[in-house]
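Hi there,

Here is the structure I promised to pass on to you. Have it open while you read, and my notes follow below.

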Amino acid sequence: MLSETITAIIRAEMGRHKFDTYVDDPPSTAQGGRGVVVPGCSICKVRLSTVGQFVDHLTKSVVRAVQEAAREPEETAGAALCSKVSKDSVN
Ligand SMILES: [Zn+2]
């Protein structure tokens, strides 16, 4: 796999996640539901309390994305990356 492809996969995957807050189990209590605002990855809806946990979440996601791309033939990996980058840019 080309190093540019690996770099693009890592950039796309790292940019996909966001350490923020989100409503766990919406709607929120303010809207009459039972959901509460929690810290974590607001894209994956994963509760994370510390930056260290977020870095671990990012690392696992990047490693998984690179491993998935490495299993595919070069042309397929490039096509998958283009699809993934365009899909993520929509979100
Ligand atoms: Zn995430």
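Let me start with a question: of the contacts in the protein with a separation of 6 or more, what percentage is accounted for by residues 24 or more positions apart? The answer is 44%. Please keep in mind that this is a predicted model.

**The overall plan**

The protein has 3 helices and 3 strands. If you walk along the sequence, you meet them in the pattern α-β-β-β-α-α. Of its 91 residues, 9% count as buried.

**Helix α1**

Helix α1 covers residues 3-16. Its 14 residues reach 20 Å from the first C-alpha to the last, which is close to the 20 Å expected at 1.5 Å a residue. Three residues of α1 are buried, namely Ile9, Glu13 and Arg16. They sit on the same side of α1, because they cover an arc of only 60° around the axis. The general rule behind this is that an α-helix has 3.6 residues a turn, so residues three or four places apart point the same way. On the other side of α1 you will find the exposed residues Ser3, Glu4, Thr7, Arg11 and Gly15.

Two residues of this helix are worth a closer look. The first one to click on is Ile6, which also belongs to α1. Is Ile6 buried or partly exposed? Ile6 is partly exposed, because 16 other C-beta atoms lie within 10 Å. Its C-alpha is 6.7 Å from that of Val66, although the two residues are 60 residues apart along the chain. Then there is Gly15, also in α1. Gly15 counts as exposed because it has 11 C-beta neighbours inside 10 Å. Between the C-alpha atoms of Gly15 and Leu58 there are 9.5 Å in space, and the pair is 43 residues apart in sequence.

**The sheet**

Next, look at the strands. They form an open sheet of 3 strands in the order β1-β2-β3, with antiparallel pairing. Strands β1 (19-24) and β3 (46-47) are at the edges with a single partner strand each, so one side of each has no neighbour in the sheet. In general, strands of a sheet pair through backbone hydrogen bonds, either parallel or antiparallel.

How many bridges join β1 and β2? There are 6, in the antiparallel sense. As one example, Thr21 has Pro39 in β2 as its bridge partner. Strand β2 (residues 36-41) also pairs with β3, again in the antiparallel sense, over 2 bridges. Here Gly40 has Arg47 in β3 as its bridge partner.

**The loops**

Finally, some backbone details. Most residues other than glycine have a negative phi, and most peptide bonds are trans. Keep that in mind for the next residues.

- Asp25, in the loop between β1 and β2, has a positive phi near 60°. Asp25 counts as exposed, with 11 C-beta neighbours inside 10 Å.
- Pro27 lies in the loop between β1 and β2, and the peptide bond from Pro26 to Pro27 is cis, with omega near 5°.
- Lys45 is in the loop between β2 and β3, where the hairpin has 4 residues between the strands. Lys45 is not a glycine, yet its phi is positive, at about 60°. With 13 C-beta neighbours inside 10 Å, Lys45 counts as partly exposed.

Enjoy exploring, and write back with any questions!

Best wishes

Terms used:
Residues numbered from 1 in each chain as written. Predicted model: local features only at pLDDT ≥ 70, side-chain atom pairs only at ≥ 80, totals over all residues. Buried ≥ 20, exposed ≤ 12 C-beta atoms within 10 Å, placed from the backbone. Pairing = 2+ DSSP bridges. Expected span 1.5 Å × (residues − 1). Arc of directions from axis to C-beta. Contact = placed C-beta atoms within 7 Å.
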